[in-house]
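Good morning, everyone. Please take a moment with the sequence and the structure, and then I will go through them with you.

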Amino acid sequence: MINEAYLAAQGFFLLAQGLDLPAQAFFLPAQGLPSSVVLSPGAVLVVGVSPIHNHGTWGIVAVISGQEKNTFWRRTDDPDFRDRIEQVGEKILFPGDIISFNSDAIHSVEAMGYEPTITFNIYGETNYEQRFDFDPLTHSAKTF
């Protein structure tokens with residue numbers, strides 16, 4: 001069972017679950033949005049697991065079809081390894097689920113099931129100096 005209050009403290013917020021909305025409901029016109037907002041409709045995850053990473057910005061992800069497992073991580077308080085991380089939970093998202101995160105939230109993503117996972121993503125402006133790919137074996141992080 002996921003402790004939603006703990007994940008919120010780590011920068012993740014489950015905004016909605018099981019919304020019965022058609023895919024086109026998420027495709028909003030970009031007019032009037034600040035230039036620092038990035039719309040990424042139709043990001044398709046076909047197979048595999050993403051690297052463990054943060055985004056260096058806030059973001060909102062809505063699952064349109066398929067299933068997406070998010071594994072949540074956090075930095076530990078290890079003075080010898082600033083980038084040591086530990087797993088703190090996981091959540092499988094289904095169509096209609098929406099999750100948000102802040103710039104420090106760390107996760108990895110895996111497409112589940114037999115159909116492609118299609119999501120609609122909205123991100124703020126990425127600070128590439130603060131966007132990291134984490135290695136839990138070497139306790140290191142590199143920008144990407």
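I will begin with the overall composition, go on to strand 4 and its partners, and finish with contacts between side chains.

Please keep in mind throughout that this is a predicted model. The protein has 144 residues, of which 38% count as buried, and its secondary structure comes to one helix and eleven strands. Along the sequence the helix stands at the start of the pattern, and the strands follow it. If we take the contacts between residues at least 6 apart in sequence, 79% of them join residues at least 24 apart. The accessible surface comes to about 8300 Å², and carbon and sulfur atoms account for 55% of that area.

Let me turn to strand 4, which spans residues 59-65 and is mostly covered, with five of its seven residues buried. Which strands does strand 4 pair with? Strand 7, residues 98-101, runs antiparallel to strand 4 and is joined to it by four bridges, and within that pairing Ile-60 stands opposite Ser-100. Strand 9, residues 117-123, is also antiparallel to strand 4, here with six bridges, and Val-63 has Thr-119 of strand 9 as its bridge partner. As a general reminder for reading such pairings, side chains in a regular strand alternate between the two faces of the sheet.

Strands 7 and 9 come up again when we look at the aromatic residues, since the structure holds two aromatic pairs. In one of these, the ring centres of Phe-101 and Tyr-123 lie 6.1 Å apart with the planes at 50°, so the pair is classed as tilted. Phe-101 belongs to strand 7 and Tyr-123 to strand 9, so that the pair links parts of the chain that are 22 residues apart. Are these two residues buried or exposed? Phe-101 is buried, at a relative accessible area of 5%, and Tyr-123 also counts as buried, at 15%. Another ring is met by a charge: the charged end of Arg-75 sits over the ring of Phe-132, at 5.5 Å from the ring centre.

Now to the salt bridges, of which a search of the whole structure finds six. One of them joins Glu-110 and Lys-69, whose closest N and O atoms are 3.6 Å apart; this pair links distant parts of the chain, with Glu-110 in strand 8 and Lys-69 in strand 5, 41 residues apart. Lys-69 is buried, with a relative accessible area of 17%, whereas Glu-110 counts as partly exposed at 25%. Another salt bridge is formed by Arg-84 with Asp-78, where the closest N and O atoms are 2.7 Å apart, and Arg-84 is partly exposed, at 25% relative accessibility. In a further case the side chains of Arg-82 and Asp-83 meet at 3.3 Å, N to O; here Arg-82 is exposed at 57%, while Asp-83 is buried at 16%. Finally, salt bridges with shared partners join Lys-69, Glu-90 and Glu-110 into one network.

I will close with a point about the backbone. His-139 has a phi near 55°, a positive value in a residue other than glycine, and this histidine lies in the loop between strand 10, residues 132-135, and strand 11, residues 140-143.

Methods. Residues numbered from 1 in each chain as written. Predicted model: local features only at pLDDT ≥ 70, side-chain atom pairs only at ≥ 80, totals over all residues. Heavy atoms only, no water. Helix = DSSP H or I, 4+ residues; strand = E, 2+ residues; numbered from the N terminus. Buried < 20%, exposed > 50% of the residue type's maximum accessible area, 1.4 Å probe, protein only. Contact = heavy atoms within 4.5 Å. Areas by Shrake-Rupley, 256 points an atom, 1.4 Å probe, with all protein chains shown as cover. Pairing = 2+ DSSP bridges. Salt bridge = Lys/Arg side-chain N within 4 Å of Asp/Glu carboxyl O. Phe/Tyr/Trp six-rings, centres within 6.5 Å; stacked < 30°, edge-to-face > 60°. Lys NZ or Arg CZ within 6 Å of the ring centre and 35° of its normal.
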